[in-house]
Amino acid sequence: MMGVDEAGTHASFKAHRSAIYPIILNHGGRIVKNTGDGFLLEFPSIIGAIEAAVAMQTLMAERNEHLPADRAMHFRMGVHMGDVMADEDEVFGDDVNIAVRLETVASPGGIAVSDKARTEAGRRLAVTLTDAGPHRFKNIAEPVNVWTWAPAGSDTQEHTPEDGPR
């Protein structure tokens, strides 16, 4: 999309980000870092993080319904929980790296959740997650068991994870 219409794509991304920002705030989250075509979020509750991710992806699916296929934006989200090291407005650590790497497992418009986060959230989740098995990620010593979610009607078969085999 960027190669065809850089200004329009950037404006569209900003509009989508503005639309989902209230969802982030309503679940107690904050934007830790903007990465150009993405962002890193932090939440005080793992349930709030997963619920926010589902709400954001549901809203994006609704917004994309009204767009031509070549203008639709499909975000991928990764959700993990753990200790982070904070330095000014940045966060660091293996748990941050796992969260970032998880999004590569998510289908377009979907969410990938670590087993650690899913276990902590337990039965309090209003959505069903699908077991995607263990995945190896760059610079992470142990495999991470991953669970996924995608909005109803999405095509989850077209995605191939960029990081290692299951």
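## Ground rules and the overall fold

A residue counts as exposed when its relative accessible area is over 50%, and as buried when that area is under 20%. By that yardstick K138, with a relative accessibility of 54%, is exposed. Keep in mind that everything here comes from a predicted model.

So what does the chain look like overall? The protein chain has 4 helices and 8 strands, and along the sequence they follow the order α-β-β-α-β-β-β-α-β-α-β-β. Out of 166 residues, 39% are buried. If you take the contacts with a separation of 6 or more, 63% of them link residues 24 or more positions apart. The accessible surface adds up to about 9,600 Å², and carbon and sulfur atoms own 49% of that.

## The largest pocket

Now for the pocket. The largest one has a volume of about 1,400 Å³. Its lining takes in 41 residues, and the ones closest to the centre are F39, L40, L41, R76 and G78. Several elements chip in with two or more residues: the helices α1 (6-26), α2 (46-65) and α3 (94-102), along with the strands β1 (30-34), β2 (39-42), β3 (77-79) and β5 (90-92).

As for the chemistry of that lining, it splits into 24 nonpolar, 10 polar and 7 charged residues.

## Helix α2

Helix α2 is a nice one to check with a ruler. With 20 residues at 1.5 Å apiece, it should span 28 Å, and the C-alpha atoms at its ends sit 29 Å apart, so the two agree.

Which residues of α2 are buried? The roll call is I46, I47, G48, A49, I50, A52, A53, V54, M56, Q57, M60 and N64. A general point helps when you look at such a list: an α-helix has 3.6 residues a turn, so residues three or four places apart point the same way. The buried residues of α2 pack against two other helices, α1 and α4 (115-121), and against the strands β2, β3, β6 (111-114) and β8 (144-149).

## Two buried spots in α1

Let's move to helix α1, starting with I20, which belongs to this helix. I20 is buried because its relative accessibility is 0%, below the 20% cut-off. Setting aside residues within four places in sequence, I20 makes contact with F39, M56, L59, M60 and F75. As a distance check, the C-alpha atoms of I20 and Q57 are 8.9 Å apart, with their positions 37 residues apart in sequence.

H16 is also a residue of α1. Is H16 buried or exposed? Its relative accessible area is 3%, so H16 counts as buried. Once neighbours within four places in sequence are left out, H16 is in contact with M60, R63, N64, L67, M73 and F75. M60 and F75 therefore turn up as contacts of I20 as well as of H16, given that contact means heavy atoms within 4.5 Å.

## V113 in strand β6

Over in strand β6 you'll find V113. At 0% relative accessibility, V113 is buried. What does V113 touch, apart from residues up to four places away in sequence? Its contacts are I50, V79, L102, R118, L129, N145, V146 and W147. One of these, I50, is among the buried residues of α2.

V113 can also be placed relative to T130: they are 17 residues apart in sequence, and their C-alpha atoms are 9.6 Å apart in space.

## The loop between β7 and β8

Back to K138, which lies in the loop between β7 and β8. Its C-alpha atom is 8.9 Å from that of N97, a residue 41 positions away along the chain.

N139 is in that loop too, between β7 (130-135) and β8. N139 counts as exposed because its relative accessibility is 61%. What about the backbone? Most residues other than glycine have a negative phi. N139 is not a glycine, yet its phi is positive, at about 65°.

Terms used. Residues are numbered from 1 along each chain as its sequence is written. This is a predicted model: local features need pLDDT of at least 70, side-chain atom pairs count only at pLDDT 80 or more; totals for chains, interfaces and linings use all residues. Side-chain values use heavy atoms; hydrogens and water are left out. Buried means under 20% relative accessible area, exposed over 50%, partly exposed in between (1.4 Å probe, protein chains only). Accessible areas come from the Shrake-Rupley method with a 1.4 Å probe; for residues, only the protein chains shown count as cover. On a 1 Å grid over the protein atoms alone, a cavity is a set of points where a 1.4 Å probe fits but cannot get out, and a pocket is an open set with protein on both sides within 12 Å along at least five of seven lines; lining residues have an atom within 4 Å of a point. Grid points are joined across faces, edges and corners, and a volume is the space filled by probe spheres set on the points. Ala, Val, Leu, Ile, Met, Phe, Trp, Tyr, Cys and Pro count as nonpolar, Asp, Glu, Lys and Arg as charged, and the others, Gly among them, as polar. The expected span of a helix is 1.5 Å times one less than its number of residues.
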